[in-house]
Structures are given as C-alpha cells and as structure tokens.
Amino acid sequence: RFRNPLATPLAAHVGNDRPLHLLARFNWPQWTRPADAMARPAPPPVGGPAPLASRVEPTAPDRHDDRGHSALADLCTGDTPFDGMVDKLRRVLDRDVPILLLGETGTGKEVLARAFHADSARARHPFVAVNCASLSAPSIEAELFGVEDGALPGTRRGVTAGKIVQADGGTLFLDEIGDMPMALQARLLRVLQDRQVTPLGGARPVAFDVAVLCATHHNLRQRIEQGLF
C-alpha cells in the first residue's frame with residue numbers, strides 16, 4: 001500500500017490492539033517504480049518513536065554513464081521475468097562474479113552482456129567478445145591466449161596479444177561457451193583461476209584483470225552428463 005518510502009515509522013495496531021511501528025523502504029530499481037510513486041510527494045512525518053532511518057541501509061544507487069542514463073535500465077520494458085533478471089545483474093555489478101547467460105540463439109545475450117559492461121566500473125575499458133562456436137580448437141587457443149613470435153606459421157614478429165589480454169581492465173564475453181572443445185575448457189579454467197595467461201610458444205605468463213561473462217544456448221547440465229562440458 002505504500003507508494004513512497006516512509007521518512008519515519010508509521011504507528012499501527014493489530015487485532016488485539018497491540019501497537020506496531022512500520023518502516024517502508026524499496027529495493028526496486030528507479031525505472032520500475034509506478035508512475036504515481038515518482039510523482040507523489042513523500043508522506044508527512046507521523047508521530048511515534050525516534051526515526052529508524054539511520055539503521056536502514058540505503059539502496060545502492062543506479063550506475064549511470066556520463067550522459068546520465070543506465071544501459072541496463074534501457075533494456076527494461078515491463079516484462080517481469082526479464083526485468084527481474086536485469087535486477088539480478090545490477091546486484092552483482094563490480095563484484096567480480098562470473099556470469100553465465102542462458103538462452104536460445106537470437107534472444108539478445110550479447111546485448112545484455114554489453115549493457116552490463118556499460119553500467120560497470122569497467123565501462124571505459126574494452127569489451128571483447130569471442131564466439132567460441134565459430135573457431136576450431138587450434139585457432140581459438142591462439143585467439144584467446146595469444147601467440148609468441150614464430151609459434152605458429154604465418155604469425156607476425158613479436159607477441160600477438162590474445163583476446164584475454166586485449167580485454168585487460170574490461171570485460172571478456174565468451175559467447176557459445178558450450179561449444180568450446182573439451183581440452184581447451186580445462187586450460188581456460190586454469191587461466192581464469194590464476195588470472196595469468198601464457199601465449200602459445202611463450203614461457204612467461206601475462207597477468208590480466210577482466211570481468212567474465214559467458215553465454216550459451218546449450219543445456220550445460222546435459223552436456224556435463226554427456227562428458228562434453
């Protein structure tokens with residue numbers, strides 16, 4: 001019944017006339033509040049005990065870019081399940097929590113990943129996307145980890161930085177992770193755990209710092225049971 005947070009506790013009574021004091025606050029995102037909630041002024045203070053506002057943790061503010069809008073907020077259209085998923089993403093912004101997006105091909109998983117990056121503290125750093133389904137096992141290893149001079153035929157002189165190092169400071173988006181070859185999955189897991197990658201043909205590991213988002217249209221539980229993931 002409350003359309004605004006209460007500045008002070010509201011006195012109320014239950015059936016046996018025992019007094020209660022209620023304090024309302026909201027975790028919903030700014031852009032999903034009912035229209036009349038934003039237009040209606042806050043209720044006047046109500047008599048009662050001392051305000052409890054100092055004991056209530058404030059809701060984290062929405063992150064906005066330099067133009068004052070949130071990329072994740074732009075994706076919310078009023079669809080309750082989708083908006084709930086966006087709210088979950090907002091809760092783990094900048095918390096170094098790897099994210100797996102599940103959905104059929106064409107449902108916008110990369111759009112969601114880019115919006116997450118744009119709202120994060122890493123937004124000024126690269127967003128690097130890798131389609132794990134479109135590369136063969138040898139080429140995806142070079143694409144991800146990089147190549148030392150002369151390690152593969154046709155490579156240019158010097159170290160060719162892989163996608164992981166290119167994403168340093170930003171976000172690495174591994175699309176169609178369910179199609180990655182099994183042997184490469186094991187090496188990638190080690191790289192992501194250690195936050196160091198050694199280019200193909202190299203001997204010295206390179207440290208990196210990335211946020212990791214993955215996506216797949218596969219049922220990964222089934223692929224695990226089949227020994228494919």
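**Entry 1. Terms and overall view**

I take a residue as buried under 20% relative accessible area, as exposed over 50%, and as partly exposed in between. By that scale D94, at 39% relative accessibility, counts as partly exposed. I note at the outset that the structure is a predicted model.

I looked up the overall composition next. The chain has 8 helices and 10 strands. Of its 229 residues, 32% count as buried. The exposed area of the chain is about 14100 Å², and carbon and sulfur atoms supply 53% of that area. I also checked the contacts with a separation of 6 or more: residues 24 or more positions apart account for 67% of them.

**Entry 2. Positive phi angles**

I returned to D94 for its backbone. Most residues other than glycine have a negative phi. D94 is not a glycine, yet its phi is positive, at about 60°. I located D94 in the loop between α3 and β3.

I found a second case in E176, where phi is near 55°, again a positive value in a residue other than glycine. E176 lies in the loop between β7 and α7. With 9% relative accessibility, E176 counts as buried, whereas D94 counts as partly exposed at 39%.

**Entry 3. D175 and helix α4**

I then examined D175, which belongs to strand β7 (residues 171-175). Which side chain of opposite charge is nearest to D175? I find K109, at 5.2 Å. A salt bridge requires a side-chain nitrogen of Lys or Arg within 4 Å of a carboxyl oxygen of Asp or Glu, so the distance of 5.2 Å does not qualify. D175 is therefore recorded as buried and without a salt bridge. Leaving aside residues up to four places away in sequence, I list the contacts of D175 as K109, E110, V130, N131, C132, A133 and A215.

K109 led me to helix α4 (residues 109-119), where K109 is one of the buried residues. The others are L112, A113, A115, F116, H117 and D119. I looked up what covers the buried residues of α4, and the cover includes α2 (71-75), α3 (80-91), β3, β4 (127-131), β7 and β10.

**Entry 4. Salt bridges**

My search of the whole structure finds 8 salt bridges. I recorded these three pairs in detail:

- R90 pairs with D87, and their closest N and O atoms are 3.1 Å apart. Both residues are buried, and both lie in helix α3, 3 residues apart, about one turn of the helix.
- R91 also forms a salt bridge with D87, at 3.1 Å from N to O. These two lie in helix α3 as well, 4 residues apart.
- E141 and R187 meet in a salt bridge of 2.6 Å, N to O. This pair links distant parts of the chain, with E141 in helix α5 (residues 137-145) and R187 in helix α7, 46 residues apart.

I note that D87, R90 and R91 are linked in a network of salt bridges. An α-helix has 3.6 residues a turn, so residues three or four places apart point the same way. Within the network, D87 counts as buried at 14% relative accessibility, while R91 counts as partly exposed at 48%. For the third pair I read partly exposed at both ends: E141 has 23% relative accessibility and R187 has 25%.

**Entry 5. Second largest pocket**

Which residues lie nearest the centre of the second largest pocket? I find I177, L189, L192, C214 and F229, from a lining of 16 residues. The elements that give two or more residues to this lining are β3 (99-102), α7 (182-194) and β10 (211-216). Helix α7 gives the most, with 6 residues. The space in this pocket is about 370 Å³.

**Entry 6. Two loop residues**

L192 appears again among the contacts of F208. I placed F208 in the loop between β9 (206-207) and β10. Is F208 buried or exposed? F208 counts as buried because its relative accessibility is 6%. Not counting residues up to four places away in sequence, F208 touches I164, D168, V191, L192, R195, Q196 and V197. For R195, 13 residues from F208 along the chain, I read a C-alpha separation of 5.7 Å.

I finished with G106, in the loop between β3 and α4. At 76% relative accessibility, G106 counts as exposed. G106 and H217 are 111 residues apart in sequence, and their C-alpha atoms are 9.5 Å apart in space.

Key. Residues numbered from 1 in each chain as written. Predicted model: local features only at pLDDT ≥ 70, side-chain atom pairs only at ≥ 80, totals over all residues. Heavy atoms only, no water. Buried < 20%, exposed > 50% of the residue type's maximum accessible area, 1.4 Å probe, protein only. Contact = heavy atoms within 4.5 Å. Areas by Shrake-Rupley, 256 points an atom, 1.4 Å probe, with all protein chains shown as cover. Lys, Arg positive; Asp, Glu negative; His and termini not counted. 1 Å grid on protein atoms, 1.4 Å probe; cavity = no way out; pocket = protein on both sides within 12 Å on 5 of 7 lines; lining within 4 Å. Points joined across faces, edges and corners; volume = space filled by probe spheres on them.
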